[in-house]
Amino acid sequence: MLKISLRSLLSHKLRLALTTLAVILGVSFVAGTFILTDTINATFTSIFNAANAGVAVTVHGLQIAGQDNAIGGARNHPVPTSLLATVRGVDGVKDAVGNIFRNGASLIGSDGKPVGGNGGGEPAFGANWIADPEISPYHLRSGVAPRQPGDVVVDAGTASKSHLVVGQALPIVFGGGAEEHFTITGIAGYGTSDNLAGATIALFTEATAERVLEGQNMYDSILVSAQSGVTDIALRDRIAATLPASAEATTGQAAAAAAELSTETTINTFIGTPLLVFAFISLFVGCFLIINTFNILVAQRTRELALLRALGATRAQVLRSVLIEAGVTGLVASILGFGVGILIASLLLSLFGSALTSNLSLQPRTFIVAVVVGTLVTVLAATLPARRATRISPVAALSEALPETQALPRRRIIAGAVILTIGCAALIAGLFAGTGSALQLVGVGFLGVFLGVALLAPLLVAPIATVLGWPVRRLRGAPGLLAAENARRNPRRTALTAAALMIGLALVTCVAVLTDSVRASTNNAIAGAFRADFIVFDQGPSFNSQAATALTHDSKLADVTEVRSTSVLIKGSSQDIAAIDPSNLSKVLALTMLGGDASTIASTNTAIVDSSEATSSNLHVGQVVSFNFPQGATVPIHIAGIYKANALVTGYLVSLATMQPNVPTARDDLVLANAAPGVSQTDAAAALHHDVAAYPLLLAKSRDEYRAFVGASLDSFLNLVTTLLAFAIIIAVLGIANTLALSVLERTRELGLLRALGLTRSQTRSMVRWESVIISLLGAVLGLVVGTVLGVVVASALSSLGIDTISIPGGNLIIYAVGAGVFGVLAAIVPTIRAARVDILRAITTE
Amino acid sequence: MATGPAGVTADPAIATPETSQPPAALAARTSEAVKVYGRGDASVRALDGVTVGFAKGQFTAIMGPSGSGKSTLLHCVAGLDRLTSGEVYIGEVELSGLGDRQLTMLRRVKVGFIFQSYNLVPTLSAEDNIVLPLTIAGRKADPAALAEVVRITGLGDRLRHRPNELSGGQQQRVAAARALASQPEIIFADEPTGNLDSRSTTELLDFLSRAVETLGQTIVMVTHDPLAAAHADRIVFLADGRVVEEVHAPTADTVLDVMRHLGG
Ligand SMILES: Nc1ncnc2c1ncn2[C@@H]1O[C@H](COP(=O)(O)OP(=O)(O)OP(=O)(O)O)[C@@H](O)[C@H]1O
Ligand SMILES: [Mg+2]
């Protein structure tokens, strides 16, 4: 039997080509994701290890709960500079240096925009130059260390990317403030790499770093080297004994490992897991293609399999022969998919730029997962067709014609309905019940809905194909008629093919409905959130108050109001608090109070809280909660009011006077301003833009502009998701091509007959093409309907996040439908060529 | 019958009607048709210089041993295949000069087919199958002519059925009706009764004869069945790719005689 499977495999290898391609795409996505994240992790590991190579012990403050540094690691409290002397005095310490290393030093390029740094999304670090070559992670590649207040050394990665050279003048912006001018005195590597995985690093003298990075007599850490003969662990323990309770010591290795671990977690959370979800979707769609292919192969081989049964083959042998064929296909495809995954990963890595220079990390785990997943998926998907093969009776070998259209068995209808119901239930439970495993439930819900609809879809094929076929028939005459009839002749095949496309389109549609609803809600929310004419903000972290101060002095502007924020611990969990000048509150913000009065925050240690936080923490007016500020102070805060959730400020809102004493440096999240009385909006806007031009990281927008800006970021989110779903959609389109190609093979005789009866080649092509378009549009109809319903359901479940308007993007849906039609035409290219090439004589003379 | 092989001549060159009436207009004809399959040693000369004409309004049967080139001749005359050399005409049009598209158009308008295995389009109803050539050509069926065709097929109540709901005989009558529906100049049938029982065979042949008599249709039919051939106005015998005999107004007995004569 093995021989028969393999021989059958070889004779079908063309027919299996597209199936193989689908598995390759799915597997390559999985493998690519692993390789990508492994490589990024390996890059960080080597960076951290090299940077910490000479550091025996690191001294830092305790971890700040709920805050992280710019590269995803936990963030520690700084330690006072005075601690350096203590550490230096410990026996066994060879040298100890203070380290200031903070996000917020953006290098400004010749175009006035930040290079790399915050403009490009990566963090922009500023740090003090560390002279001790043993401890320092910075190694000069050219030039000299910074000595003067205006000296800066930049990392080699940024230098080469932005063509920076020693001696060049370089403007730098700190914390979103105004440009300061520096001269590049040197270019340094970080550890053994050019820089810290794409982040920019600017190195200053310690005094300068202290000033520009607002060190405030604190080091972020103290780096210690050991005298020879003293182990890291021994030294750590000795140092730890001398430290106050607010500081702790770790070995350099442990510090590197902790940094690695936290970046790895971040990378998996933000890159690995989302990509794997999309890889899974691709594989899921691929399953439909696999099932369809093997179904068709089994149908085409019915007579052969029946003959085998008549000759004494058992059902188990028939089952095995189909599964072996699937297994070998899956195995070959998986191995190829692993190869393609390597290509994809290196392509993506090259998009990340030169930042990740280390070699691709190919782990045995990746290969094993790719091969096992790919093979297993193929075999599992082929199980259904294989079971059908076992049900072929030996008599089928003798019967003349095989019935082509089978009615949908009731079992399948019931199964479809049950699965659909379970899916809906899981979805509703996940969205509305608010249990811990909401995300998993929603995932199961989507899966159930897709499977259920796919199982029930054959019922819809005939009616929808008739409706879609009507215009085609009118437009295209005989080919149109035949196309419509062909699309509905085998409802299960058509349904399965269309269902694959449905999934991709439904997900895109769902996300489109969600983003559009978010956009509409945000538009409303922004319109209702603030009264100010203008808003100034930074796309990166919060910014210092230089800009606000400058705007305050502009006579064309009035009510310039800073909105500051920080996070505090309340009952052990991190919460956002915002602070504002209460006297301007009513002029710039539009708060709808549900209880109490907004003006009460004018008294110190008084807060108002938004309604969703009030509900989830069960707060009411008059209550007192403890704010645990990052610097350590615990302040009892009186809750004096509850406001309706607002698009600009969330959580607890206090006065600047309440927040200021408890945070080290003033940082603005937003600055709001109005046109001064008597000044036109245009004049005020011109003045504002002129003022803000001095702060390269800041953006100034009118209310309308701000709305559009938020909308644009939603668009790029939608585009990203659509791109990630492209794999699934490509696989679905391959599925259509596959089904058509196999159907054309199956209908060779019929095609020959039609050609004999006078169907021209171009009419033949038109017939196949329109069948393809009808199948695609069927997928589009299902996808758009299912996606819209899912989108509306999910959006309405997210009303607590402020999605209060549900909006269906009609334009997008039309584009998707047209796109599906175009995909249909594309999918038909190869099948049409085959169909037109059918040899009339061969077709009608061979039995 | 005592006439024996009367009306039979062994010489194809004088195989024209025995009377001296002027030759009828020809619906199709070949001249020195040669068809060679394959190359070199493996080549087969399926047609070896066939010159034959099919008169308008005549029912011609083609007989001959298996492998004698009957199907090949039919395919070449019908424009489904091309000759290696020689000429073939449908009406006044010489086929070898035509491209695929022109051949397709010619088939569409001038030629009808009936195949051994019924070759209906499974997705279409009997009626849609019958008018399919017209649909393909983008023409409307003449309702009167269609009604007449349907009447003589005797399929009246089964027109809405799909092929798999019809018997073999019924399917073949649908195929025949399809060939007639576009009122082609000539219909080619390759062993149309090959899969039918004797009753269905008789029904189909009666149907074809009636089409010739009442509609003036031209039909060329390949068959192995002497009884079927006896329905024709004329029989052309092929052997080894050549025309070896012709019989006019045959009966089953004269056919059998000739077959015995040729076989021996
Ligand atoms: N496509 C082909 N390639 C090679 N040889 C062929 C091909 N078609 C037919 N032949 C050969 O040409 C000769 C004539 O074949 P043809 O099919 O015309 O015979 P036939 O008279 O129709 O026979 P039958 O009564 O068995 O149908 C045969 O020897 C056959 O083997
Ligand atoms: Mg033949």
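**A cavity in chain A and the contact with chain B**

In this predicted model, the largest cavity is lined by A:Asn486, A:Arg489, A:Asn490, A:Arg493, A:Thr494, A:Thr739, A:Leu740, A:Ser743, A:Arg747, A:Glu771 and A:Ile775. Four helices of chain A each give two or more residues to this lining: α13 (438-489), α14 (491-529), α20 (703-746) and α22 (761-797). Of these, α20(A) has the largest share, with 3 residues. By class, the lining holds 2 nonpolar, 5 polar and 4 charged residues. The space inside comes to about 60 Å³, and the count of cavities of 30 Å³ or more is 6.

The next subject is the interface between the two chains. Chain A brings 25 residues to the contact and chain B brings 24. Together they bury about 2,200 Å², with carbon and sulfur atoms giving 63% of that area. On the chain B side, B:Asn119, B:Thr123 and B:Ile136 supply 23% of the area that chain B buries against chain A, more than any other three residues.

Polar and charged pairs also cross this interface. There are 7 residue pairs in polar contact, counting those with both residues at pLDDT 80 or more, and 3 salt bridges. One of the salt bridges joins the side chains of A:Arg755 and B:Asp100, at 3.0 Å from N to O. In chain B, the elements that give two or more residues to the side touching chain A are α2 (100-110) and α4 (132-137). The most comes from α2(B), with 6 residues. That side of chain B divides into 11 nonpolar, 6 polar and 7 charged residues.

Technical notes: Residues numbered from 1 in each chain as written. Chains lettered and ligands numbered in written order. Predicted model: local features only at pLDDT ≥ 70, side-chain atom pairs only at ≥ 80, totals over all residues. Heavy atoms only, no water. Contact = heavy atoms within 4.5 Å. Buried area = accessible area lost by both parts, 1.4 Å probe. Salt bridge = Lys/Arg side-chain N within 4 Å of Asp/Glu carboxyl O. Polar contact = N/O pair within 3.5 Å; in protein donor to acceptor, adjacent residues only side chain to side chain. Nonpolar A, V, L, I, M, F, W, Y, C, P; charged D, E, K, R; others polar. 1 Å grid on protein atoms, 1.4 Å probe; cavity = no way out; pocket = protein on both sides within 12 Å on 5 of 7 lines; lining within 4 Å. Points joined across faces, edges and corners; volume = space filled by probe spheres on them.
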